[in-house]
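Got the viewer open? Let's take a short walk through this structure, one selection at a time.

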Amino acid sequence: MIDKIKEIARDAEKKIANAENIEELNKLQLLYLSKKSTLMSFMSEMKNLVGEERAKFGQLINSVKQDITKRIEEKKKILEAKALEEKLKKEVIDISLPGYNYQKGTKHLFQRVVDEVSDIFIGMGYQIAEGKEVEEDHFNFELLNVPKDHPARDMQDSFFIDETKLLRSQTSPVQAHVMLEKNGKGPIKIISPGKVYRRDDDATHSHQFGQIEGLVIDEHVSMSDLLGTLELFVKKMFGEKREIRMRPSYFPFTEPSVEVDISCFECGGKGCPLCKHTGWIEILGAGMVHPNVLKMCGFDEKKYQGFAFGIGIERVAMLRYGVDDIRRFYTNDMRFNEQFHKE
Ligand code: PHE
């Protein structure tokens, strides 16, 4: 029996060494170590032995079993490493192949101007407020001091959705929303860029265009704060040499109201086709927030004052980048869009 066990040990050593893959090895494991294997069946013979012989026999079977187990484990590691190596060889990636050449996009000029203007005002401590494009008449007009049937409504031919809702004709309703949210407590210092809609269509007007609203409310805010703020904005946006002037104007929600011009950057103020030979270019509307608006939006008009302004996004973009027709912003002609690469 002892010889038989030694023979099994030799046989196992050889077969394990020759195993070529994991499946073969698993079969050998069953063959030599499972309960039904010859080696294990010898265990039941032990009961027929006694004393020292029995101990020796038991030790022999155990050591053979341990030896086979160890050999199988070692071989398993070798085979697994080999399998991994083969898999890696098969899956080699050719990194010398050139990649696809994707077309790089550019920021649209509209968005670029929004970002530039926003950066300037953020630098002055303003926060960005968001508004909605479908607005209530109440916010778009009434809270801005334009009651129903007021003639000032004629200044903005609007797209109504039903009796009470419209596509906002200006970003000014954001003023009312922000003031009401603040519950009569200043200060407020926001800008709000977004799209607005009016029934208007020609080379310089579109039924959809962009505005950036600005609103500052605090105690002791004056017209000279408005002037200083706009002067800084204009110099940053159009160059240090630009000057601004204010002309009296009318908006229902500001009093006094002004139209702001900048000295023409094309001719420096001498007069040219761009400034229609006046030396000045109109860029925005502004004014001191009307006491009625402050009151309707929950602010004590005796304690608080404020100024507001509305900048036309396309207008600034057209002046700054020499765009001749507002429709170029919306027709998605890539030859136009790609001209404004920043790098
Ligand atoms: N909302 C005005 C317009 O669209 C512009 C404006 C904004 C004027 C804020 C004064 C103050 O014409």
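Start by selecting the residues of the shell around the ligand: you'll pick up 5 nonpolar, 8 polar and 2 charged ones. Keep in mind that this is a predicted model. The shell adds up to 15 residues, and the closest to the ligand are Gln170, Ser172, Arg198, Gln211 and Gly310.

Next, show the side chains of three of those residues. Which atom of the ligand pairs up with the side chain of Gln170? It's a nitrogen atom, 2.8 Å from an N or O atom of that side chain. Now click on Arg198, where an N or O atom in the side chain is 2.7 Å from an oxygen atom of the ligand. Then go to Gln211: here too you'll find an oxygen atom of the ligand, 2.8 Å from a side-chain N or O atom. On its own the ligand has 320 Å² of accessible area, and the protein covers 92% of that.

Switch on a surface view if you like: the ligand takes up the space of the largest pocket.

Back to the cartoon. Colour β6 (208-218), β9 (280-289) and β10 (305-312), since each supplies at least two residues of the shell around the ligand. β10 gives the most, with 3 residues.

For the last stop, select the open sheet of 3 strands, ordered β2-β4-β3 with antiparallel pairing. β2 (134-136) and β3 (159-160) are at the edges with a single partner strand each, so one side of each has no neighbour in the sheet. Zoom in on β3 and β4 (residues 165-167), which run antiparallel and are joined by 2 bridges. There, Phe160 stands opposite Leu166 of β4.

Key. Residues numbered from 1 in each chain as written. Predicted model: local features only at pLDDT ≥ 70, side-chain atom pairs only at ≥ 80, totals over all residues. Heavy atoms only, no water. Near = heavy atom within 4 Å. Polar contact = N/O pair within 3.5 Å; in protein donor to acceptor, adjacent residues only side chain to side chain. Areas by Shrake-Rupley, 256 points an atom, 1.4 Å probe, with all protein chains shown as cover. 1 Å grid on protein atoms, 1.4 Å probe; cavity = no way out; pocket = protein on both sides within 12 Å on 5 of 7 lines; lining within 4 Å. Sits in = over half its atoms within 2 Å of the grid points. Helix = DSSP H or I, 4+ residues; strand = E, 2+ residues; numbered from the N terminus. Nonpolar A, V, L, I, M, F, W, Y, C, P; charged D, E, K, R; others polar. Pairing = 2+ DSSP bridges.
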